[in-house]
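I'm opening a fresh page for a chain I haven't looked at before. I want to look up its empty spaces and its side-chain pairs.

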Amino acid sequence: MELRSPIRLYWDITPLPDHLPDYDRICSEIAASRALTLHVTALEESLAAAADLIRLLCGAPLALSLTVSPAAINSALPLLERGVKKLFIDVPSAEAIRSFSRTGITGISFRVSSANHAELPDVIAACTEEGFAELQLPMERLAAGESPLCLTREGRACLAARVAQAAFPGRLQITANDPFLWRVVNPGVPFPDGVCQAANTMLAIDPAGNVYPCPAMPILLGNLQTASFREIVLSALKIEVRAKILEQPSGCTECPMLDDCRGGCRGRGLYSHGSWEKPDPGCGM
């Protein structure tokens, strides 16, 4: 397969489309893809509509993580005995975290946005106080219409200072795939892999079966209802997109942070400017 291991797949399975994809075939193809981890997000109030798909995924030979809404947590807990390795609750606020028992729950998922980023330190503190092991800060779903998170350098510095006061070293594992959000929660630690991994070690799938380089890069590589997973991975378009990602944006040439940043989130830059040559607006320079 034309993907570098370990492969991470992100699959948003709700809301389910009117015409369901052939989930048996798609799950079989994913199982054969050598994927190491599959992150499934199902945020409707009930898992009933997606139950059959989740059961299929539980049987796949990979590490399956599931993120659900607070209303669906009771129906999600039994899935830990059927193959789900990690279970996360999607929360809107720090206060919501304190209303859950952590029994059986791996951690919390908090979607950081321009509207709620100031609450991140409180979310971290609540996770630590309640004894949760992990906090996921999911990538933006730009193809689904979410707005990009763009903070100024001063805004990031202020947020980082408040995060540092939450005092969580060694007690809470925080996953942030945004290179600038990573610096807020992991100051002084190099960004993993050093460069955007879209279409390299990761791919994203939406509820209709559309495949993207990553959740934050709205370039349609293909659809699993009309093409196989292997065909999409080996496609000329996917290879071309990966090559574009590796090129440094010409708009960043004079930036002193280029060697460290590598252009930031290439999907956010492309989404915001419609060009590969413009810098990631999340840079805040």
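Below are my entries, starting with the kind of model and going on to pairs, then spaces.

**Entry 1: the model.** I note up front that this is a predicted model.

**Entry 2: aromatic pair.** I looked for paired rings and found one aromatic pair in the structure. Trp-11 and Tyr-23 make up the pair, with ring centres 6.1 Å apart and 55° between the planes, which is a tilted arrangement. Trp-11 sits in strand E1 (residues 7–12) and Tyr-23 in helix H1 (residues 23–31), so the pair ties together parts twelve residues apart in sequence. I also checked burial: Trp-11 and Tyr-23 are both buried.

**Entry 3: salt bridges.** Side chains of opposite charge can pair when their charged atoms come close. How many salt bridges does the structure hold? I get nine salt bridges, and I wrote up three.

- Arg-111 bridges to Asp-90, with the closest N and O atoms 2.6 Å apart. Arg-111 is in the loop between strand E5 (107–109) and helix H5 (120–130), while Asp-90 is in strand E4 (residues 84–90), so this pair ties together parts 21 residues apart in sequence. Arg-111 is partly exposed at 39% relative accessible area, whereas Asp-90 is buried at 8%.
- Glu-129 bridges to Arg-98, and here the closest N and O atoms are 2.8 Å apart. This pair links distant parts of the chain, 31 residues apart: Glu-129 is in helix H5, and Arg-98 is in the loop between helix H4 (94–97) and E5. Is Glu-129 buried or exposed? I have Glu-129 as exposed, with a relative accessible area of 52%, and Arg-98 as partly exposed at 35%.
- Glu-140 bridges to Arg-268, the closest N and O atoms being 3.4 Å apart. The two are 128 residues apart, with Glu-140 in the loop between strand E6 (134–137) and helix H6 (153–164) and Arg-268 in helix H11 (residues 266–273). Glu-140 is buried at 8% relative accessible area, and Arg-268 counts as buried at 1%. Through shared partners, salt bridges join Glu-140, Asp-178, Arg-268 and Asp-280 into one network.

**Entry 4: the cavity.** Rolling a probe the size of a water molecule over the atoms shows where empty space is left. I count one cavity of 30 Å³ or more, and the largest cavity has a volume of about 60 Å³. Two names from the network turn up again here: Asp-178 and Arg-268 are among the residues that line the largest cavity, as are Phe-180 and Gly-282. Helix H7 (residues 179–185) gives the largest share of this lining, three residues. I sorted the lining into five nonpolar, one polar and three charged residues.

**Entry 5: the largest pocket.** This pocket has a volume of about 730 Å³. It is lined by 46 residues, and the closest to its centre are Arg-8, Tyr-10, Thr-175, Asn-177 and Met-202. Which element gives the most to the lining of the largest pocket? I find H7, with four residues. The lining splits into 24 nonpolar, eleven polar and eleven charged residues.

**Entry 6: the second largest pocket.** About 560 Å³ of space lies in this one. Of its 31 lining residues, Asp-12, Thr-41, Met-139, Arg-141 and Pro-215 are the closest to the centre. Strands E1, E2 (35–42) and E3 (63–68) are among the elements that each supply at least two residues of this lining. By type I have 17 nonpolar, eight polar and six charged.

Technical notes:
Residues are numbered from 1 along each chain as its sequence is written. This is a predicted model: local features need pLDDT of at least 70, side-chain atom pairs count only at pLDDT 80 or more; totals for chains, interfaces and linings use all residues. Side-chain values use heavy atoms; hydrogens and water are left out. On a 1 Å grid over the protein atoms alone, a cavity is a set of points where a 1.4 Å probe fits but cannot get out, and a pocket is an open set with protein on both sides within 12 Å along at least five of seven lines; lining residues have an atom within 4 Å of a point. Grid points are joined across faces, edges and corners, and a volume is the space filled by probe spheres set on the points. Ala, Val, Leu, Ile, Met, Phe, Trp, Tyr, Cys and Pro count as nonpolar, Asp, Glu, Lys and Arg as charged, and the others, Gly among them, as polar. Rings of Phe, Tyr and Trp (its six-membered ring) pair if their centres lie within 6.5 Å; planes under 30 degrees apart count as stacked, over 60 as edge-to-face and the rest as tilted. Buried means under 20% relative accessible area, exposed over 50%, partly exposed in between (1.4 Å probe, protein chains only). A salt bridge is a side-chain nitrogen of Lys or Arg within 4 Å of a carboxyl oxygen of Asp or Glu.
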